[in-house]
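Welcome! Open the structure in your viewer, keep the selection tool at hand, and let us walk through it together.

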Amino acid sequence: MKTIKLLKIFTFPIIILVIHSIFVLLDAYEIYSWLDLLMHFFGGLAIAASYVSLLRSIHHRSLEEMPGILFFLFIISLVALTAVLWEFLEFILDLMFNLRAQPDLTDTIIDLFLGLVGGICGYFIMKHQHRHVNEIVEK
């Protein structure tokens, strides 16, 4: 798969990461603590949309044959894995640089939960978009 195509597929998560980096540099999370909640939600949404796009571009025919519930569970599993890896990264950065990205266990659990909720929303948005595109093509 070409680098340009991968960049296109992962544009939304890259934008979320850039916004996150700006917020960190500006201490926006300290001023507006609710931003962290939005970022985890939109991060999950962005990652789910990208995984759906990636899988559609790689295995289009096999996805058509896969039962919808299995595809949903696969996408949400990938989102969950990504969210857990992100929380591991925050934990390591906290240990190394005392960033306080994870103030407590409650924060981490809420972050994971919002990432999953965002992922579920992202899945259904992409499903609706794909159905809409197919309807237009078939007409």
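Before the first stop, one term: a helix here is a DSSP run of H or I with at least four residues, and helices are numbered from the N terminus. Keep in mind, too, that this is a predicted model.

**Stop 1: the nonpolar patch.** Select Phe12, Ile15, Ile19, Ile31, Tyr32, Trp34, Leu37, Leu38, Phe42 and Ile110, and show them as a surface: they make a nonpolar patch of about 890 Å². Now colour helix H2 (11-25) and helix H4 (34-58), each of which supplies at least two residues of this patch. Which helix gives the largest share? It is H4, with four residues.

**Stop 2: one residue of the patch.** Zoom in on Ile19, which lies in helix H2. Is Ile19 buried or partly exposed? Its relative accessible area is 32%, so it counts as partly exposed.

**Stop 3: along H2.** Select the whole of H2, a run of 15 residues. From its first C-alpha to its last, H2 reaches 21 Å, close to the 21 Å expected at 1.5 Å a residue.

**Stop 4: the buried side.** Within H2, pick out Pro13, Ile16, His20 and Phe23, the buried residues of this helix. They cover an arc of only 80 degrees around the axis, and therefore sit on the same side of H2. In an α-helix there are 3.6 residues a turn, so residues three or four places apart point the same way. Show the neighbours as well: the buried residues of H2 pack against helix H3 (28-31), H4 and helix H6 (68-97).

**Last stop: after the helix.** Follow the chain on from H2 to Asp27, whose phi is positive, near 55 degrees.

Methods
Residues numbered from 1 in each chain as written. Predicted model: local features only at pLDDT ≥ 70, side-chain atom pairs only at ≥ 80, totals over all residues. Heavy atoms only, no water. Patch = residues over 30% accessible without salt bridge, like charges linked within 9 Å, V, L, I, M, F, W, Y side chains within 5 Å. Areas by Shrake-Rupley, 256 points an atom, 1.4 Å probe, with all protein chains shown as cover. Salt bridge = Lys/Arg side-chain N within 4 Å of Asp/Glu carboxyl O. Buried < 20%, exposed > 50% of the residue type's maximum accessible area, 1.4 Å probe, protein only. Expected span 1.5 Å × (residues − 1). Arc of directions from axis to C-beta. Contact = heavy atoms within 4.5 Å.
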